[in-house]
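Colleague: I keep tripping over the labels people put on structures. Could you walk me through how such labels are earned?

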Amino acid sequence: MSMFPLNALNFFMADVRDGLGPFLGVFLQQQGWAVDDIGFVMTLSGLIAVIFTTPIGVLVDAVRAKRAIIIFSSLTIMVTCAINYFYPTHVTTTIAQVLAAIAGASIPPAITGITLGIVGKDRFDHQLGQNESYSHAGNAFSALMAGGFSFYYGLSAVFALMGLWTLLSIVAVLLIRRNQIDYNQSRGLTMSDKSPQSIKCLLTNKGLIILAVTVVFFHLANAAMLPLLSQSMVANGSIERPGWYTAMTVIIAQMTMIPMALYAAHVSEKKGYSLIFIIALVALPIRGLLAGLIPHPAIIIPVQILDGIAAGLMGVAVPGLVARILNGTGRFNTGFAMVLTLQGVGAALSSSVAGVMAKFFNYDIAFLVLSSLAVIGLLVWLFFTSFMMRYNTKNST
């Protein structure tokens, strides 16, 4: 079976699902927006999107038309980018970002469900690594294009490229034939399972709860670091080309994520996800400390390499862990969406926490606060997984 359409979808969709990403903060800053206003708009849109994420997961589990979800979401994001460019007022940008966040939240569970439906449980770990590597390659390529074109034509080039990636993403998803996707397999049902379990089983699943809480702290610390890095350099006058600098932050991280995703897939097939998950959690606070303690433009190299390590491993580990925890329940996409919901809460609050810290203290303090939150996430995972192992060992003897 050719995986070209799925790989192409991950490559082109990487830029679309995140909308304008860190470029939006820089663009709004150039339009005269205050850093805390940027943070609050991103928080508001993220929190509203969180409300829809779990229902979207239920929908992805229930419907066969997963490709249609991706196409509709992609077109919605493209329209919101146009609104942001032509009408960057507080009202229109807020509405546009809310719609873009909801659409963006629909894409990951749909792609992951399609992947599981095509390759099945046995090849899922391997294909997750492929998905993530193509996704990061697509992000790096689009960032390189955006940085190059914005260097000569300004940030307007970023908006034009978004339209192109959207059209290519739609072509890629249409190349995936509907009969390639096994409906029951795509929601985590095995051959022996007749029907999905109730959603209530997810709320009492200890493994899923521990994973979700850890992911909250990870993204509470992580989400604001990249836009905050670009904004801090713009604010202190360290860079002359903010569009190019922002692009470089993305390129360095994404190029690091490609081998990390492949490494994560290789390790997980043989040893599981525990090691790569812990490495990802450790890399994040180190990244924040470097960004906060060394306010020099060249710090983007080690900072974004660490971003690539953390995000590259996490992108494979989280859906893989959810698939293993919920195997046979028929609620894979719902459970994955629940984790993404809490991830969205952390990511949305991250922008506001960082924005407030930067405004009332400084950017250095903001980075240190984010690093502290990352440490809490690591401790939560180590303590509760260790506790669960001791509890299970005691009960088995």
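**How the labels are earned**

Modeller: Happy to, starting with serine 106, whose side chain reaches the backbone oxygen of isoleucine 102 at 3.0 Å. Keep in mind that this is a predicted model.

Colleague: What makes the pair serine 106 and isoleucine 102 a polar contact?

Modeller: The cut-off is 3.5 Å between N or O atoms. The side chain of serine 106 comes to 3.0 Å from that backbone oxygen, so the pair passes on distance.

Colleague: And why is serine 106 called buried?

Modeller: Buried means under 20% relative accessible area, and serine 106 has 8%, so the label fits. Serine 106 sits in helix H5 (residues 90-119). Leaving aside neighbours within four places in sequence, serine 106 is in contact with Ile56, Ile69 and Ser73.

Colleague: How do you know that threonine 53 is buried?

Modeller: Same kind of check: the relative accessible area of threonine 53 is 5%, against a limit of under 20%, so threonine 53 counts as buried. Threonine 53 belongs to helix H3 (residues 35-62). With neighbours within four places left out, the contacts of threonine 53 are Ala105, Ala337, Leu340 and Thr341.

Colleague: What about threonine 214, buried or exposed?

Modeller: Buried, because its relative accessibility is 0% and the limit is under 20%. Threonine 214 is part of helix H10 (residues 206-222). Beyond neighbours within four places in sequence, threonine 214 touches Phe277, Leu281, Gly377, Val380 and Trp381. Also, threonine 214 and leucine 342 are 128 residues apart in sequence, yet their C-alpha atoms are 9.6 Å apart in space.

Colleague: Then what makes tyrosine 153 exposed?

Modeller: Exposed means over 50%, and tyrosine 153 has a relative accessible area of 59%, so tyrosine 153 earns that word. Tyrosine 153 is in helix H6. Together with Phe149, Phe151 and Tyr152, Tyr153 makes a nonpolar surface patch of about 500 Å².

Colleague: On to charges. Why is the pair aspartate 125 and arginine 324 called a salt bridge?

Modeller: The rule asks for a side-chain nitrogen of Lys or Arg within 4 Å of a carboxyl oxygen of Asp or Glu. For aspartate 125 and arginine 324 the closest N and O atoms are 2.6 Å apart, so the pair qualifies. Aspartate 125 lies in helix H6 (residues 124-153) and arginine 324 in helix H14 (residues 300-325), so the bridge ties together parts that are 199 residues apart in sequence.

Colleague: How exposed is each partner, aspartate 125 and arginine 324?

Modeller: Aspartate 125 is buried, at 11% relative accessibility. Arginine 324 has 42%, which falls between 20% and 50%, so arginine 324 is partly exposed.

Colleague: How many salt bridges does the rule give?

Modeller: Two. Aspartate 307 and arginine 287 also meet in one, at 3.4 Å from N to O, so that pair falls within 4 Å as well. Aspartate 307 is in helix H14 and arginine 287 in helix H13, so this bridge ties together parts that are 20 residues apart in sequence. Both aspartate 307 and arginine 287 are buried.

Colleague: Last one: how do you know that the length of helix H13 agrees with what it should span?

Modeller: At 1.5 Å a residue, the 20 residues of H13 (residues 274-293) should span 28 Å, and the end C-alpha atoms are 30 Å apart, which agrees. Buried residues of H13 include Phe277, Leu281 and Arg287.

How values were computed
Residues numbered from 1 in each chain as written. Predicted model: local features only at pLDDT ≥ 70, side-chain atom pairs only at ≥ 80, totals over all residues. Heavy atoms only, no water. Helix = DSSP H or I, 4+ residues; strand = E, 2+ residues; numbered from the N terminus. Expected span 1.5 Å × (residues − 1). Buried < 20%, exposed > 50% of the residue type's maximum accessible area, 1.4 Å probe, protein only. Polar contact = N/O pair within 3.5 Å; in protein donor to acceptor, adjacent residues only side chain to side chain. Contact = heavy atoms within 4.5 Å. Patch = residues over 30% accessible without salt bridge, like charges linked within 9 Å, V, L, I, M, F, W, Y side chains within 5 Å. Areas by Shrake-Rupley, 256 points an atom, 1.4 Å probe, with all protein chains shown as cover.
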